[in-house]
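Hi there,

Here is the structure I promised to pass on. Have a look at it first, and then read on for my notes.

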Amino acid sequence: MLCTETTATLLRQRFNLAESRIDAMDYHTSLEINGFRLRMLPAGHIPGSAMLHVTRTKDNATLLYTGDFKMRKGRTTPEAHFLNADTLVMETTFGLPFYRFPNPMEAEAQLLGFVHDTLADGLTPILLAYSLGKTQEALAVLAENNISALLHSAALSMTEACREAGVKDLPEAVEFTGETNDGHVIIAPPHAMKTKLYREIPNKRTAMLSGWALQPNARFRYGVDAMVPFSDHADHPGLMECVQRVRPKRILTVHGFAKEFAAELRSKGFDAWCATGGDQLELPIHRPAQRPATAARAGWHNRVLCSFADFTDLCRLLEQTGSRTSKIEFIANYFKSLDTDDDLRITTDWLAIGNRKSPNLIPNRMLRHLLLSIPGSREERYRELLQSTKDDITAATTLLQELPLHPEGVSVAKIQTLIEEFASQSTSIDHLLKLSERLITLHPSESESLLRILTGKLGSEIDRPLIEEAVASCFEVSPKAIRDAARSHESLGEIAVVAKTAGADGLKPGNGSSWSEGERSEEQLPLVD
């Protein structure tokens with residue numbers, strides 16, 4: 001078995017592999033075997049991982065087999081190195097343009113933010129990561145920030161082996177045996193949460209460390225409280241950088257989105273094919289015109305400050321915050337900043353949309369017609385984005401970022417009026433065109449919020465009790481008074497307004513107000529019910 005010295009140490013110490021079966025060599029050193037020169041190059045994937053560069057000595061033909069690799073420099077792995085090769089065989093786990101990871105500092109900040117928020121709420125943070133690779137990266141980040149960790153037995157074993165193999169920046173590992181310690185983080189492989197030991201951990205909050213965090217609704221699919229885009233693979237820009245640095249004549253793609261990435265490379269003039277076959281040959285007939293260069297500049301639109309933009313910022317902040325306490329504080333502070341009772345009523349009900357069985361006012365087919373009615377949009381581009389993002393709203397927002405828009409300020413009240421008009425005649429072509437005209441005058445961030453309200457997908461990051469606690473905190477009313485009122489009244493917005501104007505006394509039944517007696521007119525009911 002040919003491997004690096006680090007991998008050889010892991011195999012000897014943890015798997016008792018016979019010395020005779022291991023042929024270890026340092027990175028960048030050459031080995032001649034049967035007319036081929038072999039060289040191991042750092043892959044940056046996990047400790048000990050390597051790419052294999054092969055040269056056929058009779059004609060100097062070269063091949064680079066990447067295996068799993070990562071372009072970003074890790075804390076526990078050397079940076080990936082590349083050599084030119086005639087043939088490149090590369091992995092393409094994240095081979096769609098949608099997969100663009102944040103820079104390492106931002107990803108580490110998200111990890112630390114989850115840990116600090118969870119500890120601040122008096123809970124135990126559990127990071128779910130593979131035992132070799134991500135565990136050591138996460139452990140190094142925590143150690144640098146003076147945060148102690150307890151490891152699953154498998155993660156402990158791999159970490160000890162890495163330390164013995166000379167991997168730096170790793171603290172001495174401590175095994176989790178069932179007792180949680182204040183201020184400690186638990187790191188375990190994902191499958192561990194199915195075991196009794198981990199299921200019985202009280203007051204816990206889980207986060208999956210994975211590049212798949214970029215997929216919409218990933219945390220629901222994995223059954224965790226948060227996702228952190230912490231990956232040991234190259235993202236789409238990293239895959240492209242690999243091709244540029246190797247400068248191959250022929251490319252074979254393996255794993256992940258192999259066919260899609262090969263097709264993209266062919267469109268750029270490369271001789272690229274999926275190693276397992278099944279590629280679809282593209283004919284150069286009636287090829288769609290290339291998008292203008294400005295289309296690649298996602299997010300270049302000027303954003304205008306307005307009350308609806310403030311609401312969008314709140315939603316973005318809630319999505320990025322894991323702490324329940326912090327979410328309550330953010331919502332309460334936002335409520336305090338509102339100028340009118342109408343804005344308070346409207347935005348409170350908007351936040352609660354994700355907690356009710358809300359009708360989807362824009363089905364997928366209608367959303368497609370809506371977007372294609374905007375000048376400059378192309379159906380093939382929308383379908384491409386929909387395939388890569390697997391989420392209609394995310395695809396729509398990305399498409400809008402590429403279109404020539406003219407953002408202007410808009411109030412919460414105007415957006416609510418637009419929503420009510422659309423809800424009354426959502427199947428009308430005129431109302432669909434009116435909505436598309438409004439999207440042209442909104443920044444893509446605000447368009448995303450509007451579309452999520454119309455589709456009933458806003459507020460999935462928060463639950464109704466959390467909104468009730470925020471209302472109670474903002475207007476200094478007991479949470480019980482809010483909960484009691486909410487049992488018989490659907491509109492949290494109306495409850496919030498009464499709490500603001502009349503306090504706890506106004507929330508009591510029989511105080512003479514029509515809303516408290518369940519006599520609100522149909523016009524006062526929240527739009528999405």
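What share of the 529 residues in the chain is buried? Buried residues make up 51% of them. Please keep in mind that this is a predicted model.

**Overall layout**

The chain has 20 helices and 14 strands. Taking the contacts with a separation of 6 or more, 65% are between residues 24 or more positions apart.

**Nonpolar cores**

The largest nonpolar core has 71 residues, and the members that touch the most others in it are Phe-335, Trp-350, Leu-351 and Leu-450. Helix α20 (residues 492-507) supplies the largest share of this core, with seven residues. There is also a second, separate core of 27 residues, with Val-115, Leu-156, Ala-173 and Leu-209 among them.

Leu-450 is a good place to start if you want to look around the largest core. Not counting residues up to four places away in sequence, Leu-450 touches Phe-308, Ile-415, Leu-418, Ile-419, Leu-435, Arg-438, Leu-439 and Leu-442.

**Salt bridges**

I find 25 salt bridges in the model. As a reminder, side chains of opposite charge can pair when their charged atoms come close. Three pairs are described here, followed by a network.

In the pair of Arg-324 and Glu-469, the closest N and O atoms are 3.9 Å apart. This salt bridge links distant parts of the chain, with Arg-324 in helix α10 (residues 324-337) and Glu-469 in helix α18 (residues 464-474), 145 residues apart. Arg-324 has a relative accessibility of 29%, so it counts as partly exposed. Glu-469 is partly exposed as well, because its relative accessible area is 31%.

The salt bridge between Arg-345 and Asp-342 sits within one helix: both residues belong to α11 (residues 341-351), three residues apart, or about one turn of the helix. Their closest N and O atoms are 3.6 Å apart. Arg-345 is partly exposed at 23% relative accessibility, and Asp-342 is partly exposed with a relative accessible area of 45%.

Arg-381 and Glu-402 form a salt bridge with an N to O distance of 2.4 Å. Arg-381 is in helix α13 (residues 379-389) and Glu-402 is in the loop between α14 (392-401) and α15 (412-424), so this pair ties together parts that are 21 residues apart in sequence. Are these two partners, Arg-381 and Glu-402, buried or exposed? Both Arg-381 and Glu-402 are buried.

As for the network, Arg-75, Glu-108 and Glu-144 are joined into one by salt bridges that share partners.

**Cavities**

The structure has two cavities of 30 Å³ or more. The volume of the largest is about 70 Å³. Its lining consists of Thr-312, Cys-315, Arg-316, Glu-319, Ser-445, Glu-448, Ser-449, Arg-452 and Leu-458. Helices α9 (307-320) and α17 (444-454) each contribute at least two residues to the lining of the largest cavity. By type, the lining of the largest cavity has two nonpolar, three polar and four charged residues.

The second largest cavity holds about 30 Å³ of space. Lining it are Val-304, Cys-306, Pro-407, Glu-408, Val-410, Leu-442, His-443 and Glu-446. Here the division is five nonpolar, one polar and two charged residues. Leu-442, one of the residues lining the second largest cavity, is also among those that Leu-450 touches.

**Two residues to look at**

Where does His-45 lie? His-45 is in the loop between β4 (36-42) and β5 (50-56). With a relative accessible area of 12%, His-45 is buried. Leaving aside neighbours within four places in sequence, His-45 is in contact with Asp-68, Phe-69, Lys-70, Thr-77, Asp-232 and His-233.

Leu-432 is found in helix α16 (residues 429-440). Leu-432 counts as buried because its relative accessibility is 11%, and buried means under 20%. Apart from neighbours within four places in sequence, Leu-432 is in contact with Met-366, His-369, Leu-370 and Phe-422. The C-alpha atoms of Leu-432 and Leu-371 are separated by 9.8 Å, with their positions 61 residues apart along the chain.

Happy browsing, and best wishes!

Technical notes:
Residues are numbered from 1 along each chain as its sequence is written. This is a predicted model: local features need pLDDT of at least 70, side-chain atom pairs count only at pLDDT 80 or more; totals for chains, interfaces and linings use all residues. Side-chain values use heavy atoms; hydrogens and water are left out. A salt bridge is a side-chain nitrogen of Lys or Arg within 4 Å of a carboxyl oxygen of Asp or Glu. Helices (H or I, at least four residues) and strands (E, at least two) are DSSP runs, numbered from the N terminus. Buried means under 20% relative accessible area, exposed over 50%, partly exposed in between (1.4 Å probe, protein chains only). On a 1 Å grid over the protein atoms alone, a cavity is a set of points where a 1.4 Å probe fits but cannot get out, and a pocket is an open set with protein on both sides within 12 Å along at least five of seven lines; lining residues have an atom within 4 Å of a point. Grid points are joined across faces, edges and corners, and a volume is the space filled by probe spheres set on the points. Ala, Val, Leu, Ile, Met, Phe, Trp, Tyr, Cys and Pro count as nonpolar, Asp, Glu, Lys and Arg as charged, and the others, Gly among them, as polar. A nonpolar core is a set of buried Ala, Val, Leu, Ile, Met, Phe, Trp, Tyr and Cys residues joined through side-chain atoms within 4.5 Å. Contact means heavy atoms within 4.5 Å.
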